[in-house]
Each structure stands twice: as C-alpha cells, then as structure tokens.
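Here's a quick tour of some side-chain interactions. Have the model open as you read.

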Amino acid sequence: SSYKNIDRDMVRWFLRSAQSERQFPLDENISFKEAFIHLDLLRGQKLTNAAILLFGAEPHKFHTQAEVKCLRFHGTEIEQPFKSFHIYKGNIFEQIDKALAFVLDVLNRQLIRQKGTVVVKRPREIPEFAIQEAIVNAIAHRDYYSSSGVQIMVFVDRVEIWNPGHLPPELTTEALKRPHSSYPNNPLLANALYLAGYIQKVGSGTMQMAKECRDYNLPEPEFIQQPSQFIV
C-alpha cells in the first residue's frame, strides 16, 4: 500500500475530531507523513496495517477479514430467511458508525410521558451506550490475523456481538464488571479511536455498560469467552 490508498478526507476529519475531542496538536492541513509519524502509523517509510484499517480508501482490498456482518432475525434463533442482512467493509470508523446505526434503527422505543407534563421520552429498549461500547470493543480489539469478521445479530429478545479473538491474559470475563486497567489488543487502533472520542482507554466502558443496563432494569450484559471468539 501507499499514500494513494489513503482517504484524504478521512484523515482531515480525524484531525478535526481529535482537535475537538482531545486537543490534538496537529492541524488538519498537515501532511499525511507528519500526521502518521505523530500517530505511530509508519514503520520506516511504510504504512502500518493500522493506517490502512483506519484511513484506507478501500481497506477491504488489503484486509478482506476487516468487515462487520449485521443480521436481524425474525425470532430467537439463527434461522433463515433473515429479516435484514448487511456487510460493512469501510474503514474502522465507518464500520463502527454503520453497525451502530443498524442496531439502533431496529431496537424498539418506548413512549413514556413525563409525570405532570406533556413531554414524552422515547428511550430505546437497550441503552445506546451499551450497544455502542460493545460494537467499538469488538472492532477495536478483535484479532485481525483471524480470517473471521465481526458479527452482530439482533434477535427479538437480545443483541449478540461476536468478534474473533481472546481477552488479554490480564483479564477475565468476571473482571470486566469490576475496576480494571485497559489492555488494548491493537494499541494503534485504540489510540486513534481514543483521539477521535470513540473510547476512553481507562477500562471503564464495560462497567458502564453493566450500570446502564441495571438502570434500565435489564439484565447485565453477558461476556463469554469461547475458544476462538469473544461474545457479548
């Protein structure tokens, strides 16, 4: 790959977002090379895999496994015909945004009138933060050496998010609901997502997911480690 494979508009969007979210010191008109040096996205003169995954115009051309499959089912089992099915293959930011939009679009919304007023709230049946955090984690921390992609499935009674890979050895599924440090599997991706405001990098996201689900009177999210994939 080379700089001709980089999406210029995406880099400028990122630099603007990083300035706004984290006071990132680089101007959006800086050269790609200077920006990528600052983000540690070069090895010698060559682009890293992370550079293509984050800012590639066609990342799927270089990493066919870098995709998110989103499926919606009619019932509670994985059965055809699917109610809807989309595969998102853009850069990391696009995959997160489109996958989140897919799920939020199909979640039911309650109509709740505020006591003593005509104002109504329309909360989704699952907290938006919990869905977003699970999707971001799946894409940011997945094993990109695996030929499998991220899979998001919406059933009538639950949402399941699968990603190839394992928790780092420092963490267990039980530890995710207690205070813990952040151990990103893909630190270059995690750093860019932090700068753009997608993650916090302090290990608090899974705890907040559980808290928001409790506040909604829902079961806490289930974290399941299988031999080749992690499931929420």
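What follows covers aromatic pairs, charges over rings, one glutamine and salt bridges.

This is a predicted model, so to speak of local features we need pLDDT of at least 70, with side-chain atom pairs counted only at pLDDT 80 or more, while totals for chains, interfaces and linings use all residues. Residues are numbered from 1 along each chain as its sequence is written, and side-chain values use heavy atoms, leaving out hydrogens and water.

Let's start with the rings. Rings of Phe, Tyr and Trp (its six-membered ring) pair if their centres lie within 6.5 Å; planes under 30 degrees apart are stacked, over 60 edge-to-face, and the rest tilted. That gives 14 aromatic pairs. Trp13 and Phe93 are edge-to-face, because their planes stand at 70° with the centres 5.1 Å apart. Trp13 belongs to helix H1 (residues 8–22) and Phe93 to helix H5 (residues 92–106), so this pair ties together parts 80 residues apart in sequence. Helices here are DSSP runs (H or I, at least four residues) and strands likewise (E, at least two), numbered from the N terminus. For burial, the cut-offs are under 20% relative accessible area for buried, over 50% for exposed and partly exposed in between (1.4 Å probe, protein chains only). Trp13 is partly exposed at 26%, whereas Phe93 is buried at 1%. Both residues also sit in a cluster linked by ring pairs, including Phe14, Phe36 and Tyr198.

Two arginines have their charged ends over rings (CZ of Arg or NZ of Lys within 6 Å of the ring centre and within 35 degrees of the ring normal). Arg22 covers Tyr194 at 4.1 Å from the ring centre, and Arg142 covers Tyr144 at 4.4 Å.

Gln95 is also in helix H5, and at 3% relative accessibility it counts as buried. A polar atom of the Gln95 side chain lies 3.1 Å from the backbone oxygen of Ala66.

Finally, there are nine salt bridges (a side-chain nitrogen of Lys or Arg within 4 Å of a carboxyl oxygen of Asp or Glu). Here are three of them:

| Acid | Base | N to O distance |
|---|---|---|
| Glu128 | Arg124 | 3.4 Å |
| Glu220 | Lys177 | 3.3 Å |
| Glu220 | Arg214 | 2.6 Å |

The Glu220 and Lys177 pair links distant parts of the chain, 43 residues apart. Glu220 is partly exposed at 31%, as is Lys177 at 32%. Elsewhere, Asp157, Arg158 and Glu160 are linked in a network of salt bridges.

Technical notes. A polar contact is a pair of N or O atoms within 3.5 Å; within protein, one must be able to donate a hydrogen and the other to accept it, and residues adjacent in sequence count only if both atoms are side-chain atoms.
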